[in-house]
Amino acid sequence: MIRIGMLGFGTVGRSVYDLLQAHTERFPDMQIVSVAVRQITEQRMTLYPTVQFTTNPDTIVTASDIDVVIEVMGGQTETYRYLRRALHSGKHVITANKDLIATYGETLQKIASAHQLALLYGASVAGGIPILDALTNLLPGDETMQVGGIINGTSNFILTQMSDAAMNYDDALALAQRMGIAEANPVNDVAGFDARYKLAILAKTAFGANVVTTQIPTQGIQEINATVLDEAKRLGYVIKPLAVARRTGQELAMTVGPHLVPAAHLLGKIDNVQNAVQVKTRNIQDLVFTGPGAGAKPTASAVLSDLAIVHDIVCGRQLVHEKQALQQPVITGTAAGRYIRVTAPATYEIDAIAQANQIGIKTMWVRSHRATILTDTVSPATLARFEAALQQQIGAKIEIVLPVYQE
Ligand code: HSE
């Protein structure tokens with residue numbers, strides 16, 4: 001019997017329990033024996049009579065008769081200490097905690113590897129989409145060049161409502177909150193921090209790259225308004241919240257934030273809370289995985305996939321080795337076309353300034369003191385020079401700059 005201890009018993013934890021009960025044929029020899037909760041209630045003890053409840057996670061992570069710890073309680077520093085203790089006590093660890101893995105994943109992985117244990121976190125990125133397992137196990141004869149897509153459902157929901165239902169940002173956010181999609185404090189999702197954690201985990205899995213999340217260029221969706229959405233549409237694009245990492249040699253170009261995506265592209269059609277991850281490889285070239293990025297059942301299902309891996313490991317399967325490590329990559333911004341809106345007293349000079357800074361202009365609309373510019377591909381450095389020249393030479397105020405997704 002493989003004995004499981006669980007930290008946390010919220011909606012995801014209870015779903016894990018229920019799914020495990022419902023699939024005893026696949027997991028006949030696995031059982032959740034103890035669960036750490038904040039409060040032990042009569043109701044819980046009645047509903048789950050075979051579970052030993054405790055309010056002290058330490059008793060689970062150090063118990064001699066627990067083989068696997070599933071962490072679904074959230075939190076960072078304190079939770080990290082529990083998981084470290086669990087690994088040091090010889091337990092396989094499964095977690096759905098992206099913040100924790102993006103921050104402490106490397107350290108925890110070293111401890112896990114030293115003890116020949118599994119540290120699995122398939123539920124931490126894109127909920128029900130088995131993208132980490134695909135990157136780890138399904139592409140052994142291939143080389144991943146690029147990974148990323150729509151990995152924050154809340155931002156995608158808000159932008160979809162703004163675009164399709166003509167809502168303003170505040171109303172779309174309020175709707176997302178009423179529907180239980182966005183949290184009361186939505187900053188993690190709308191400012192791109194959630195996607196940044198997930199992108200760091202994708203980059204680790206695809207490229208073996210240890211990325212410090214704060215180095216990833218990150219833009220929130222708060223500046224998007226009806227004008228931007230309308231102009232993007234007239235240019236043939238939709239605005240989507242993307243997180244993408246592209247490898248070139250030892251460099252990783254990374255970006256998190258709203259992008260212009262061609263309306264006809266598959267990612268342009270992924271709406272509301274749906275997630276989608278595109279993987280570009282040397283041999284297969286192009287794969288897109290799409291599905292629900294959050295929710296108790298999809299997340300619990302991803303936890304069960306990790307449990308199946310632990311089951312196989314306990315039964316003798318070799319632990320998967322990490323991808324060829326791009327240990328300390330150079331993180332850069334991405335070279336991409338840019339949508340730029342500026343206000344300037346002398347918009348007629350923009351063309352000449354662009355030429356002087358080697359910026360190719362695809363389209364430019366000028367209305368009195370406002371200009372909308374769509375550029376050819378530019379590097380972050382060239383873009384910064386162009387922005388500085390616009391500010392210095394014609395006193396331009398840059399309203400918004402968004403990258404165009406490189407298909
Ligand atoms: N808050 C996340 C999202 C779900 O909106 O995608 C959990 O990762």
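**Exercise 1. The ligand site**

Task: In this predicted model, find which polar side-chain atoms approach the ligand, then describe the shell around the ligand.

Solution.

Step 1. Start with the nitrogen side of the ligand: one of its nitrogen atoms is 2.9 Å from an N or O atom in the side chain of D189.

Step 2. Determine how much of the ligand the protein covers. On its own the ligand has 260 Å² of accessible area, and the protein covers 80% of that.

Step 3. Assign the shell to elements. Two or more residues each come from α7 (153-164) and α10 (193-207).

Step 4. Turn to the oxygen atoms of the ligand. An N or O atom in the side chain of K98 is 3.1 Å from a ligand oxygen. For N152, a polar side-chain atom lies 3.4 Å from an oxygen atom of the ligand. The cut-off for a polar contact is 3.5 Å.

Step 5. List the surroundings. K98, N152, G153, T154, D189, D194, K198 and A294 surround the ligand. Sorted by class, this shell holds four charged residues, three polar residues and one nonpolar residue.

**Exercise 2. Strand β4 and its neighbours**

Task: Work out which strands pair with β4 and in what sense, and state the handedness of the crossover from β4 to β5.

Solution.

Step 1. Look at the side chains of β4 (residues 68-71). V68 and I70 point one way, V69 and E71 point the other way, and all are buried.

Step 2. Take the pairing with β1 (residues 2-7). β1 and β4 run parallel and are joined by four bridges. Within this pair, M6 stands opposite I70.

Step 3. Take the pairing with β5 (residues 92-95). β4 and β5 also run parallel, with four bridges between them. Here I70 stands opposite I94.

Step 4. Follow the chain from β4 to β5. The path goes through helix α4 (residues 77-88), and the resulting β-α-β crossover is right-handed.

**Exercise 3. Strand β7**

Task: Decide whether β7 is largely enclosed or open, and give the reason. Then identify its antiparallel partners.

Solution.

Step 1. Check burial. Strand β7 spans residues 144-150, and because six of its seven residues are buried, the rest of the structure largely encloses it.

Step 2. Pair β7 with β10 (residues 274-281). The two strands are antiparallel and share six bridges. G148 in this pairing stands opposite Q278 in β10.

Step 3. Pair β7 with β8 (residues 237-248). These strands are antiparallel too, with four bridges. The bridge partner of V147 in β8 is A245.

**Exercise 4. Strand β15 and the hairpin**

Task: Describe how β15 is covered, which strands pair with it, and which residue of the hairpin has a positive phi.

Solution.

Step 1. Check burial. Five of the six residues in β15 are buried, leaving the strand mostly covered.

Step 2. Pair β15 with β13 (residues 338-343). The sense is antiparallel, over five bridges. Y339 stands opposite L374 in β15.

Step 3. Pair β15 with β14. The strands run antiparallel and are joined by six bridges. V366 stands opposite A371 in β15.

Step 4. Examine the turn. The hairpin of β14 and β15 has two residues between the strands, and S368 there takes a positive phi near 50 degrees. S368 is not a glycine. It counts as exposed because its relative accessible area is 57%, above the cut-off of 50%.

**Exercise 5. Three loop residues**

Task: Classify V378, V125 and Q116 as buried or exposed.

Solution.

Step 1. V378 is found in the loop between β15 (370-375) and α14 (380-394). Its relative accessibility is 3%, so V378 is buried; the cut-off is under 20%.

Step 2. V125 lies in the loop between β6 and α6 (131-138). With a relative accessible area of 0%, V125 is therefore buried.

Step 3. Q116 sits in the loop between α5 (98-114) and β6 (119-120). Its relative accessible area is 64%, so Q116 is exposed. Q116 is not a glycine, yet it has a positive phi of about 55 degrees.

Notes:
Residues numbered from 1 in each chain as written. Predicted model: local features only at pLDDT ≥ 70, side-chain atom pairs only at ≥ 80, totals over all residues. Heavy atoms only, no water. Near = heavy atom within 4 Å. Polar contact = N/O pair within 3.5 Å; in protein donor to acceptor, adjacent residues only side chain to side chain. Areas by Shrake-Rupley, 256 points an atom, 1.4 Å probe, with all protein chains shown as cover. Nonpolar A, V, L, I, M, F, W, Y, C, P; charged D, E, K, R; others polar. Buried < 20%, exposed > 50% of the residue type's maximum accessible area, 1.4 Å probe, protein only. Pairing = 2+ DSSP bridges. Right-handed = clockwise from strand over helix to strand, strands pointing away.
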